[in-house]
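Let's walk through this one together, starting from charged side chains and working outward to the loops and the surface. Have the viewer open as you read.

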Amino acid sequence: MDPGDMVLSDRVRIDGTVTQVTLTTGGQLRWPGRCLVIKKEVLCFSVEGSQIKIRAIVERGAGICCGGGYTSPLLRKTFSLDFESISEESLRLWSHKLQEFMDSLGRPKRLFIFVNPYGGKKSASKIFHDDVKPLLEDANIEYALQETRYQLHAKEVVHILDLSEYDGVVCVSGDGILVE
């Protein structure tokens, strides 16, 4: 890696092992055996004491799926970078630079979500609770949830909804809500 590509680099403890961690100008967080692309894989981070906890979504192993059921090739994971032996100023700098990069991505902070309990072969509610909701929580995204009760309900709601309060509208459904 070109040293000019480096924003920060420090030796921190990860999973009990002290290792070199580098943040690049391209938004990669690197340490031996791992490279997290912030834009693609990091949902959010938090500072807890001397640790920076990074919540990410990463590929599950080699992505091989065995058996009859569907297994997502992605896995939610938390990485803990322990700055205990590093100065408090270094922890603040890392936190500031990570937040600066995350803010530059322009990700949504508040969403309005429609869930059609009859959509997607009646699996939309389960998909929301099992897959979508945990990702929203990991990414610290606030949301308002509206479960549709009848045909054209979403259309009625949208007419009275103040869209300026939200960064986006999400539909967890079959194609019915989108057609509305």
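Which residues are linked with Glu88 in a network of salt bridges? They are Glu89 and Arg92. Before going further, keep in mind that this is a predicted model.

That network leads us to helix α2, which covers residues 88-104. A quick sanity check on its geometry: at 1.5 Å a residue, its 17 residues should span 24 Å, and the end C-alpha atoms are indeed 24 Å apart, so the expected span and the model agree. Now look at what the helix hides. Ser90, Leu91, Trp94, Ser95, Leu98, Phe101 and Met102 are buried. Around the axis they cover an arc of only 135°, so they sit on the same side of α2. That buried set packs against a whole list of elements: the strands β1 (6-14), β2 (17-24), β3 (28-31), β5 (42-48) and β6 (51-59), plus helix α1. Flip the helix over, and the face turned away from the buried side carries Glu88 and Ser104, both exposed.

There's another salt bridge along α2, between Glu100 and Lys97, with the closest N and O atoms 3.5 Å apart. The two are three residues apart in the helix, which means about one helical turn separates them. Glu100 is partly exposed at 41% relative accessible area, and Lys97 also counts as partly exposed, at 26%. Just after the helix comes Gly106, with a positive phi near 65°.

Since α1 is one of the packing partners of α2, it's worth a stop at Lys39, which is found in α1 (residues 38-41). Is Lys39 buried or exposed? It is exposed, because its relative accessible area is 62% and the cut-off for exposed is over 50%. Even so, Lys39 has contacts beyond its sequence neighbours: leaving aside those within four places, it touches Phe101, Leu105 and Arg107. Val18, on the other hand, is 21 residues from Lys39 in sequence and 25 Å from it in space, C-alpha to C-alpha.

Back to salt bridges, of which the model has six. One of them joins Asp138 and Arg76, with the closest N and O atoms at 2.6 Å. This pair links distant parts of the chain, as Asp138 is in helix α4 and Arg76 in strand β7 (residues 74-82), 62 residues apart. The two ends sit in contrasting surroundings: Asp138 is buried, with a relative accessible area of 12%, whereas Arg76 is partly exposed at 44%. Glu142 and Arg110 also meet in a salt bridge, at 3.9 Å from N to O. Glu142 lies in strand β9 and Arg110 in strand β8 (residues 110-115), so this pair ties together parts 32 residues apart in sequence.

On to the backbone. Most residues other than glycine have a negative phi. Asp15 is a non-glycine residue with a positive value, near 50°; it's in the loop between β1 and β2 and is exposed, with a relative accessible area of 73%. Asn140 likewise has a positive phi, near 55°, and is found in the loop between α4 (124-138) and β9 (142-147).

Last, the surface. Val158, Leu163 and Val169 form a nonpolar patch there, with about 220 Å² of accessible area together. Leu163 lies in the loop between α5 (153-160) and β10 (168-172), and is partly exposed at 44% relative accessible area.

Technical notes. Residues are numbered from 1 along each chain as its sequence is written. This is a predicted model: local features need pLDDT of at least 70, side-chain atom pairs count only at pLDDT 80 or more; totals for chains, interfaces and linings use all residues. Side-chain values use heavy atoms; hydrogens and water are left out. Patches are made of residues with over 30% relative accessible area and no salt bridge: like charges are joined within 9 Å, nonpolar side chains (Val, Leu, Ile, Met, Phe, Trp, Tyr) within 5 Å. Accessible areas come from the Shrake-Rupley method with a 1.4 Å probe; for residues, only the protein chains shown count as cover. A salt bridge is a side-chain nitrogen of Lys or Arg within 4 Å of a carboxyl oxygen of Asp or Glu. Helices (H or I, at least four residues) and strands (E, at least two) are DSSP runs, numbered from the N terminus. Buried means under 20% relative accessible area, exposed over 50%, partly exposed in between (1.4 Å probe, protein chains only). Contact means heavy atoms within 4.5 Å. The expected span of a helix is 1.5 Å times one less than its number of residues. The arc is that of the directions from the helix axis to the C-beta atoms.
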